[in-house]
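Please open the model in a viewer and keep the selection panel at hand. The stops below proceed from one selection to the next.

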Amino acid sequence: MAVYEPDSSATAVILCKLTDISYKWGIESFRLVSEYKVKIKVLKPEGTSYADVIIPYYELPNNAMKENIIGLDASAYNLENGKIVRTKMKKDVVFKERVGESRMNLKFSIPQVKAGTLTEYEYRIESDFFFSIDSWKAQSDSPTLYTEYDIIIPEYFKFNTDMRGTESLETKSESTSLSLSIGGQFFQCTGSHMNFR
């Protein structure tokens with residue numbers, strides 16, 4: 001893909017954005033686990049800015065409550081002499097920055113990105129703030145071809161769902177059975193499984 005036909009001015013296209021939210025039991029309470037996977041096709045030199053990624057997260061003073069970013073992995077794919085060449089991001093281009101008393105940013109740059117590059121990255125956030133689920137947007141400044149948000153909430157929590165926008169999403173909601181490991185023992189409970197795409 002050299003150009004996105006429905007919007008020829010697009011500098012990049014988000015090919016796929018997957019978000020998977022679930023709960024697990026931590027040491028003393030629940031933890032919220034958010035997994036993200038993103039694939040972006042850079043179409044123009046201006047689209048290389050998508051290689052610079054900022055992930056905001058919380059870290060309260062004295063480690064009272066915090067979020068951990070785990071399993072960060074990113075790569076760039078370029079076509080060179082008819083062959084696909086993968087360039088993995090090295091850990092030395094990943095930085096943490098404090099932007100407030102309790103706010104942090106994790107910043108990284110995917111290497112070797114230019115017009116025509118396919119980038120992908122994934123990471124997981126494990127959060128002590130199990131009572132707060134971040135808002136989610138299906139679309140962004142650049143066109144998004146496929147997006148999916150999948151969440152499983154144990155029966156102990158109730159959240160309101162507020163959907164806004166002119167385009168409707170395909171949604172699914174069902175009851176599901178969950179198995180939680182607490183102190184080495186497994187406990188069964190029910191939960192709500194919702195999927196938006």
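Select Arg-31 first; this residue lies in strand β2 (residues 30-42), where strands (E, at least two residues) are DSSP runs numbered from the N terminus. The model is predicted: local features need pLDDT of at least 70, side-chain atom pairs count only at pLDDT 80 or more, and totals for chains, interfaces and linings use all residues. Residues are numbered from 1 along each chain as its sequence is written, and side-chain values use heavy atoms, with hydrogens and water left out.

Is Arg-31 buried or exposed? Its relative accessibility of 12% places Arg-31 in the buried class (buried is under 20% relative accessible area, exposed over 50%, partly exposed in between, with a 1.4 Å probe and protein chains only). Add Glu-126 to the selection: the side chains of Arg-31 and Glu-126 are joined by a polar contact of 3.3 Å. Such a contact is a pair of N or O atoms within 3.5 Å; within protein, one must be able to donate a hydrogen and the other to accept it, and residues adjacent in sequence count only if both atoms are side-chain atoms.

Turn next to the aromatic rings. The structure holds 15 aromatic pairs (rings of Phe, Tyr and Trp, the last by its six-membered ring, with centres within 6.5 Å; planes under 30 degrees apart are stacked, over 60 edge-to-face, the rest tilted). Select Tyr-58 and Phe-129, a tilted pair at 5.4 Å centre to centre with 50° between the planes. Tyr-58 belongs to strand β3 (residues 52-58), whereas Phe-129 sits in the loop between β8 (118-127) and β9 (147-154), so that the pair links distant parts of the chain, 71 residues apart. Tyr-58 is partly exposed at 33% relative accessibility, while Phe-129 is buried at 11%.

For a stacked example, select Tyr-121 and Tyr-123: their centres are 6.4 Å apart and their planes differ by 10°. Tyr-121 is buried, with a relative accessible area of 13%, and Tyr-123 is buried, also with 13%.

Return to Tyr-58 and display Arg-103, which lies over the face of that ring at 4.2 Å from its centre; the criterion is NZ of Lys or CZ of Arg within 6 Å of the ring centre and within 35 degrees of the ring normal. Then widen the selection to the cluster that ring pairs build from Tyr-23, Trp-25, Phe-30, Tyr-58, Phe-129, Phe-130, Phe-131, Tyr-156 and Phe-157.

Finally, select Met-1, in the segment before β1 (12-25). Met-1 is partly exposed, with a relative accessible area of 49%.

Notes: Helix = DSSP H or I, 4+ residues; strand = E, 2+ residues; numbered from the N terminus.
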